[in-house]
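Reader: Please take one part of this predicted model and examine it closely, beginning with how its strands are paired. Then work outward from there to the surrounding elements in one connected account.

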Amino acid sequence: MAQQAYMTETDNGGSGPDRRGDRFRRLVNRVLVGWRDDPRIWRRGLVLAAVALLLAGVMLMHSRIPNAIGNLGSLTETFLPWLGLLVPVLVLLGFLRRSATALIAVLLPAIVWLNMFGGLLTDKAGTGGDFTVATHNVNAENPDPTGTADKLDASGADVVALEELTASAVPQYEKALAPTYRYHAVEGTVGLWSKYRLTGLKAVDIKLGWTRAMRATVATPEGSLAVYVAHLPSVRVKLNAGFTARQRDTSADALGEAIADESLPRVVLLGDLNGTMNDRSLNGVTSQMRSTQGAAGSGFGFSWPAAFPMARIDQIMVKGVEPESSWTLPRTGSDHLPVAARVNLTTPGS
């Protein structure tokens, strides 16, 4: 009898899955009934709805935001993916305000964001490829050049590009990378280390007055490959001047012209461009090359700042080469993360 009483108690008043499911359904029904009987659900939250529509407009029309005042357009485009974080905030506020108008309006920025960036949420990396490249802004103040070089060596890259090299650090990188990379060249503050012979070495003029870009031909087993290494000027966000990027923009145009004049059909660009693929000011480069991260990466591949990456300003771009996979490497002593990609040199890029 005692056992029978226990069974009856559990079936009718317990806290099993069915009982919890009933409570949840009753809670949902109470919420829906409350909203259905509330005549103000369409009149409340008009300000939230307006904010949602404005957010959608900014994402849709970001290319129309003028750069005349503090390069506001480029600043918006640099952190464009992060605008998606406002969508769940607006959804929560819409529920708290019990506003059907706001919740319907927030669907628009959600759809716009997914259309723009939803593809980056999937893993597009393939398993093929016959050539691996890596690039890293090593930071002039890097306290551990040898450790940084060891991590880059462990990536298995066939070529490694380094930016922000100092005269005192170059010998340390040369010594640490020499066992794996037989060939290397340094021009100004950028350098290229390669497992294969380098020819056609030259500095690339990006209108700075000193050298922060170079070009080399890599004699890969699949034929000649033009590799550019570049470190475009830094940008700054200032209260009195906005997003100061004029010198970066001028250098980007010069780099784009150099790549456009390249005679080899297969080209790889490695470097810190101090801008994202969404930034219109890099159109001179991005209009003629593909991002390996966008084509074959997993996620956004943010590379800066290393402590909490918020933007991908370190880029691997290709022309006449097919991207197969793209990823970020473990953190080093730099304020940037290294990035790497595997490409297929035997299959023409689209």
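Author: In this predicted model, T199 has T217 of β6 as its bridge partner. T199 and T217 belong to the pairing of β5 with strand β6 (residues 213–220), which is antiparallel and extends over four bridges. As a rule, strands of a sheet pair through backbone hydrogen bonds, in either a parallel or an antiparallel manner. The sheet that holds β5 and β6 is open, has six strands in the order β5-β6-β7-β10-β12-β11, and is mixed in its pairing. Its edges are β5 (198–203) and β11 (290–291); each has a single partner strand, so one side of each is left without a neighbour in the sheet.

One strand of this sheet leads to a notable peptide bond. The loop between α12 (292–296) and β12 (314–319) contains P305, and the bond that joins W304 and P305 is cis, with an omega of about -10°. Another backbone feature is found at N139, which is not a glycine and yet has a positive phi, near 75°. N139 lies in the loop between β1 (131–137) and α8 (145–153). For both features the general background is that most residues other than glycine have a negative phi, and that most peptide bonds are trans.

Strand β1 leads to a further sheet. This sheet is also open and mixed, and its six strands follow the order β3-β4-β2-β1-β14-β13. Here β3 (183–187) and β13 (322–328) are the edge strands; each pairs with a single partner strand, so one side of each is left without a neighbour in the sheet. On average, and with direction ignored, neighbouring strands in this sheet are turned by 15° against each other. Within the sheet, strand β2 (residues 159–163) and strand β4 (residues 190–194) form an antiparallel pair over five bridges, and V160 stands opposite W193 of β4. Helix α9 (residues 170–177) packs on the sheet, where it touches β2, β3 and β4, and the direction of α9 makes about 10° with that of β4.

Helix α9 also has a helical neighbour. In general, two packed helices are described by the angle between their axes and the distance between the axes. For α8 and α9, the angle is about 40° and the axes are 9 Å apart. The two helices are therefore oblique to each other, and α8 passes α9 in a right-handed crossing. P145, T146, T148, A149, D150 and D153 of α8 make this contact with Q172, Y173, A176 and L177 of α9. Classed by residue type, the contact of α8 with α9 comprises five nonpolar, three polar and two charged residues.

A further group of helices is arranged around α3. Helix α3 (residues 46–60) packs with helix α5 (residues 86–96) at an angle of about 165°, and their axes are 10 Å apart. Angles over 145 degrees count as roughly antiparallel, and α3 and α5 are therefore described in that way. The crossing in which α3 passes α5 is left-handed. On the α3 side L48, V51, A52 and L55 take part, and on the α5 side L86, V87, L90, L93 and G94. By class, the contact of α3 with α5 has eight nonpolar residues, one polar residue and no charged residues.

Helix α3 also packs with helix α7 (residues 107–117), here at an angle of about 20° and with axes 8 Å apart. That angle makes α3 roughly parallel to α7, and α3 passes α7 in a left-handed crossing. From α3, the residues A52, L53, L55, A56, M59 and L60 meet L108, P109, V112, W113 and M116 from α7. The residues of this contact divide into 11 nonpolar, no polar and no charged. A52 and L55 are named in the contact with α5 and in the contact with α7.

A note on confidence completes the account. The protein has an average pLDDT of 89, and 86% of the residues score at least 70. Over residues 1–11, however, the pLDDT is below 50, and beyond near neighbours in sequence this stretch has one contact in the model. Where pLDDT is low, predicted coordinates should not be read in detail.

Definitions and conventions. Residues numbered from 1 in each chain as written. Predicted model: local features only at pLDDT ≥ 70, side-chain atom pairs only at ≥ 80, totals over all residues. Heavy atoms only, no water. Axes fitted to C-alpha atoms, helices over the stretch in contact; angles between N-to-C directions. Parallel < 35°, antiparallel > 145°, perpendicular 65-115°, else oblique. Left-handed = near helix turned anticlockwise from the far one by under 90°. Contact = heavy atoms within 4.5 Å. Nonpolar A, V, L, I, M, F, W, Y, C, P; charged D, E, K, R; others polar. pLDDT = per-residue confidence, 0-100. Pairing = 2+ DSSP bridges.
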